[in-house]
Amino acid sequence: MQVYRGFSTCVPRLAKQTTNASGSVNKLLGRPSNNLSTGLVGLANVGKSTFFQALTKSTLGNPANYPYATIEPEKSIVLVPLEKLDHYLKLYQLSKTVPTNLTIWDIAGLTRNSSTGAGLGNKFLSDIRQVDGVLQVVRGFVDDEIIHIEENKVDPVRDLVIVQDELILKDLEIIESEIERAKRMLKKPGDKKSVYEYQLQVLDRLSDLLYEGKKVINGEWDEEEIDVINGLNLLTAKPTVYLLNVSEEDYCLGSNEFYPQVANWINTNCPEDKVIIFSAQHERMLNELEGEELKEYKEMYPKESVIPLVVEEMRNVLHLISFYTCGPIEARQWTIRKGSTAPEAAGLIHTDLQKTFINAMVYKWQDLSKLQALDETKLKASGKQHREGKKYIVEDGDVLLIKAAGGNAR
């Protein structure tokens, strides 16, 4: 087992969320919101900003062949491409779709010793605290013309260790500060001593976990502990999707010399996390080229964009699902956290609908996915039109018609 800076960096991942008796998710690490954001992070000069421009189909971000080209984080809204929405548009014979979106931030590159303020470290770590999920870009391509800030040598596993260690060290700093605060509060008169005593117990568990080299999201926590952890906004409590940035050739071949090492490191340290091979240069070309130039490029590099897969995996780790409303003009996709109830879904459409919710008529994706024409009478007769109450847990792909008091329906 490798030991680095006083804590181990090679550990198994543990379960991280609680479930109730029915199997649905109760408390989750992270903000209890349906409007969650993602940060694109990594060491300097790994292709983050190039990919950000392709991801957002914009000229935002600042790709350049030197460290710290990105200083202020750039924000963009990315539409979520889903086949379900297009299918419902045709099935309900509507005239337009309204897809949901995902907020992406391009965050300044991290360097070794960022947790102690090296480079733009404090800014990077402050910016990443503001997002809910992490897309971590790791360099897996060799190009002598593009500088690598670590001895100008490509080594993805070393880079993974650097980023994880810096996040852990920053979290330890946050926790140590919170421990001191809780101890001060315990000395004050009042009736909340038991609250601060419990917080100290959780903080001590967090500290022990981090000193073992484990991220907070790797721990096993009950609902009360999750409440405490969510108030700390820790960096290692955020879910991560790893993106191995390779050459155009490697991406189209689906293989890379560094991939086995990266996959092994992730499997050892965080086996529930995903690693996706992509090429920032390929995405850039697909985004920028037009007409005959694009056609010629696709003949040379025929593989499709990775962006839909990246967005889908990010939504998965953030525990986001989609439900739909259809009619009379548009098919609309709504994003909600897994485990949300029908009234909470209604509240996303309009707050009054949650307050006055009566029930919801629900059609399931598996019942509608193979249909070419909609026949609601037939669906009802076959038991595929479901009337659900306040305790119903919304499932991905559901089409909902909300009924509320006062004759409101949506």
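**Note on the predicted model: a buried glutamine, two helix pairs and some unusual backbone**

1. The backbone nitrogen of T100 is 3.3 Å from a polar atom in the side chain of Q333. The side chain of Q333 also makes a polar contact, at 2.9 Å, with the side chain of S322. This is a predicted model, and every distance in this note should be read with that in mind.

2. Where does Q333 lie? It is in strand 11, which covers residues 330–337. Its relative accessibility is 3%, and because buried means under 20%, Q333 counts as buried. Leaving out residues up to four places away in sequence, Q333 touches V80, L82, L85, V98, P99, T100, R315, S322, F323 and Y324. Two of these have already been named for their polar atoms: T100 through its backbone nitrogen and S322 through its side chain.

3. For the chain as a whole, there are 15 helices and 14 strands. Of the 410 residues, 51% are buried. The chain exposes about 19,600 Å², and carbon and sulfur atoms supply 49% of that area. Among contacts between residues at least 6 apart in sequence, 71% join residues at least 24 apart.

4. The next two points concern helix pairs. Two packed helices are described by the angle between their axes and the distance between the axes. For helix 9 (residues 280–288) and helix 10 (residues 291–300), the axes come within 9 Å and cross at roughly 150°. Angles over 145 degrees count as roughly antiparallel, and helix 9 and helix 10 are therefore roughly antiparallel to each other. On the helix 9 side the contact involves Q281, H282, M285 and L286, which meet L294, Y297 and K298 of helix 10. By class, the residues of this contact are 4 nonpolar, 2 polar and 1 charged.

5. How do helix 5 and helix 6 cross, and at roughly what angle? The axes of helix 5 (residues 193–211) and helix 6 (residues 223–230) come within 10 Å and cross at roughly 80°. Since 65 to 115 degrees counts as roughly perpendicular, that is the description that applies to helix 5 and helix 6. Helix 5 contributes Y198, V202, R205 and L206 to the contact, and helix 6 contributes E224, E225, V228 and I229. The contact of helix 5 with helix 6 has 5 nonpolar and 3 charged residues, with no polar ones.

6. Helix 11 spans residues 307–317, and its buried residues are I307, V310, V311, E313, M314, R315 and V317. A student may wish to look at the spacing of these numbers. An α-helix has 3.6 residues a turn, so residues three or four places apart point the same way. R315, one of the buried residues of helix 11, is also among the residues that Q333 touches.

7. Some backbone features deserve a check by eye. Most residues other than glycine have a negative phi, and most peptide bonds are trans. H319 is not a glycine, yet it has a positive phi of about 60°. H319 comes just after helix 11, in the loop between helix 11 and strand 10. Its relative accessible area is 15%, so H319 is buried.

8. N233 is likewise not a glycine and has a positive phi, here of about 55°. It sits in the loop between helix 6 and strand 8 (240–245). Is N233 buried, partly exposed or exposed? With a relative accessible area of 28%, N233 is partly exposed.

9. The peptide bond from G327 to P328 is cis, with omega near -5°. P328 is in the loop between strand 10 (320–326) and strand 11. Strand 11 has been met before, as the strand that holds Q333.

10. Two loop residues remain. L374 lies between helix 14 (365–368) and helix 15 (376–381) and is partly exposed, at 25% relative accessible area. L374 and Q93 are 281 residues apart in sequence, but their C-alpha atoms are 9.0 Å apart in space. Not counting residues up to four places away in sequence, L374 touches L91, Y92, L368 and L379.

11. G389 is in the loop between strand 13 (386–388) and strand 14 (399–404). Its relative accessible area is 31%, so G389 is partly exposed. Its C-alpha atom is 9.0 Å from that of M361, 28 residues away along the chain. Apart from neighbours within four places in sequence, G389 is in contact with A342 and F357.

Terms used: Residues numbered from 1 in each chain as written. Predicted model: local features only at pLDDT ≥ 70, side-chain atom pairs only at ≥ 80, totals over all residues. Heavy atoms only, no water. Helix = DSSP H or I, 4+ residues; strand = E, 2+ residues; numbered from the N terminus. Buried < 20%, exposed > 50% of the residue type's maximum accessible area, 1.4 Å probe, protein only. Polar contact = N/O pair within 3.5 Å; in protein donor to acceptor, adjacent residues only side chain to side chain. Contact = heavy atoms within 4.5 Å. Areas by Shrake-Rupley, 256 points an atom, 1.4 Å probe, with all protein chains shown as cover. Axes fitted to C-alpha atoms, helices over the stretch in contact; angles between N-to-C directions. Parallel < 35°, antiparallel > 145°, perpendicular 65-115°, else oblique. Nonpolar A, V, L, I, M, F, W, Y, C, P; charged D, E, K, R; others polar.
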